[in-house]
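Dear colleague,

I am handing over the structure we spoke about, and below it you will find notes on what turned up when I went through it. Please read them with the coordinates open.

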Amino acid sequence: MLKTPIARGVALATLGATLVIPTLAQAAFIEDTKANLELRNFYFNRDFRQEGASQSKQEEWAQGFLLRVESGYTEGTVGFGVDALGLLGVKLDSGAGRAGGGSQLLPGDGDSAADDFSEVGLTAKAKLSNSVLKVGTLQPKNMAIATSDSRLLPAVTRGAQLVSNEIDGLTLDFGYLDEINNRASSDYEDLSVNTSGKSITGAAEADSFVFLGGQYKLTKDLTAGYYYSNLEDNYKQHAVNLIHVLPIAEGQSLKTDLRYQRSTDDGNTNVDNKAFGAMVTYSLSGHSFGVGYQKMSGDTGFAYVGGNIDPYLVNYVQIGDFAQADEKSWQARYDFNFAAVGIPGLTLMTRYITGDNFDRAGVSEGKEWERDTDLAYTFQTGALKNLNVKWRNATFRSNGTANDLDENRLIVSYTIPLM
């Protein structure tokens, strides 16, 4: 497996980086290095149910190889290291009229899909005390921006990020990004704002995205977060989050997750949005029962970076984000961990989301709904130990968009520790 071109490239790049570090300082660098190879087999089927659809379905099957290498740090006041990411996707099945248009598993359009695609990413890093600076290929996941890993290969960005944990309970996070490589692509491109169904006009490609913020654990049960972000020439955003977990009794808890974001234009666009979200989850033994509410107000829908980015919204789910201008949406969710009844490794999630009150051309009131079900099992023993199988099913309907969808995903993944 390591003889593939992508694996050799990552290995050589990592070796080259280690050679520039003084030999006497390499002990911790090598001893703390971790590497693994994830094998991800992905079947994707999306059936378009609306009349007049230009494509009846998207159906692809592909094999992914994800090689991750994380070095330790050199000795000294400031420690240096390097991380490497090698990605390779190989087509197993696709065809004319079934390809995903570059947004699902493989690059291409509705007529054809690439036989394979790959990417190598390197990240230089430096550590001083409890602060880490990374420069290069990044996969940020915070309230301002989160790269997606919901397909064959993950999306990645290019830039710099500093995460500091110098004060107990406080995490500070600063970042600058200038390019994104989407999950079904081998090429980096400029950043942009997601305008799909958001009534956002004047959007332009951006040279940079900056964010700063962090989280502070106010008490052992309460965490507060704040982030400021700016997609150059497109929008500015303030985001606030409060998460409280109330222990009730043995095996019981009540979690409250409150989110608020204020987005305004930054020159080119008409962005004007206030987004409020709340999710309350009651957990009892292996059961979890959740209720969510999300409300958009202002002249536009919620603004976030386009491409394969997951917005920080309680009702962002498998297909929809329920974040159009003035949209109100509710979510009911149920999770069960079968370990509570003696079947460890088996989990179930199902949810239903309904949204309304948004304007659509020719529709007095836009309405949409989505139903999702995830069923996953990780083998606990035997030759298949740690092999994970997940089935994801979704149905989405709307009277104001062009996409009524039925969707199934089957993902089989296995991670091999290399060092």
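**Notes on the model**

To begin with a loop, D326 is found in the stretch between β13 and β14. Please keep in mind throughout that this is a predicted model. Although D326 is not a glycine, it has a positive phi of about 65°, and at 30% relative accessibility it counts as partly exposed. A second residue of this kind is S129, a residue other than glycine whose phi is positive and near 60°. S129 lies in the loop between β4 (116-128) and β5 (131-138), and it is partly exposed, with a relative accessible area of 45%. These backbone angles deserve a remark because most residues other than glycine have a negative phi.

As for the overall architecture, the secondary structure of the protein chain comes to two helices and 18 strands. The chain has 419 residues and a radius of gyration of 22 Å, which agrees with the value near 22 Å that a compact globule of that length would have. Taken along the principal axes, the C-alpha atoms fill a box of roughly 70 × 55 × 50 Å. Of the 419 residues, 47% count as buried, and among the contacts with a separation of 6 or more, 59% are between residues 24 or more positions apart.

Strand β1 may be a useful place to start looking. Eleven of the 15 residues of β1 (residues 34-48) are buried, so that the strand is mostly covered. It runs antiparallel to strand β2 (residues 57-70), to which 14 bridges join it, and in that pairing L39 stands opposite F65 of β2. β1 is also joined by 13 bridges to strand β18 (residues 405-417), and this pair is antiparallel as well; here E38 has T415 in β18 as its bridge partner.

Strand β18 also holds D406, which is partly exposed, with a relative accessible area of 22%. Leaving aside neighbours within four places in sequence, D406 is in contact with N45, R46, D47, R49, A394, T395 and R397. D406 and T256, by comparison, are 150 residues apart in sequence and 31 Å apart in space, C-alpha to C-alpha.

Turning to the interior, which residues have the most contacts inside the largest nonpolar core? They are F209 and Y235, in a core of 27 residues. Strands β7 (170-181), β8 (209-217), β9 (222-231) and β10 (235-249) each supply at least two residues of this core. Once neighbours within four places in sequence are left aside, Y235 is in contact with V193, F209, S229, N230, T264, D265, D266, V271, A303, Y304 and V305. A second, separate core has 15 residues, including F42, A99, L105 and I411.

The aromatic side chains can be described in similar detail, and a search of the whole structure finds nine aromatic pairs. One of them is formed by F322 and F396, which are edge-to-face, with 6.4 Å from centre to centre and 70° between the planes. F322 lies in the loop between β13 (287-297) and β14 (328-337), whereas F396 is in strand β17 (residues 388-398), so this pair ties together parts that are 74 residues apart in sequence. Both F322 and F396 are buried. Y377 and F379 also form an edge-to-face pair, at 5.0 Å centre to centre and with 75° between the planes. Y377 counts as partly exposed at 26% relative accessibility, and F379 is likewise partly exposed, with a relative accessible area of 26%. In addition, F209, F211 and Y227 form one aromatic cluster, and F209 is the residue already named for its contacts in the largest core.

Finally, there are two arginines placed over tyrosine rings that you may wish to look at. R158 lies over the face of Y188, at 5.9 Å from the ring centre, while R259 lies over the face of Y312, at 3.8 Å from the ring centre.

With kind regards

Notes: Residues are numbered from 1 along each chain as its sequence is written. This is a predicted model: local features need pLDDT of at least 70, side-chain atom pairs count only at pLDDT 80 or more; totals for chains, interfaces and linings use all residues. Side-chain values use heavy atoms; hydrogens and water are left out. Rings of Phe, Tyr and Trp (its six-membered ring) pair if their centres lie within 6.5 Å; planes under 30 degrees apart count as stacked, over 60 as edge-to-face and the rest as tilted. Helices (H or I, at least four residues) and strands (E, at least two) are DSSP runs, numbered from the N terminus. Buried means under 20% relative accessible area, exposed over 50%, partly exposed in between (1.4 Å probe, protein chains only). A charge sits over a ring if NZ of Lys or CZ of Arg is within 6 Å of the ring centre and within 35 degrees of the ring normal. A nonpolar core is a set of buried Ala, Val, Leu, Ile, Met, Phe, Trp, Tyr and Cys residues joined through side-chain atoms within 4.5 Å. Contact means heavy atoms within 4.5 Å. Two strands pair if DSSP finds at least two bridges between them. The radius of gyration is taken over C-alpha atoms; the globule rule is 2.2 Å times the number of residues to the power 0.38.
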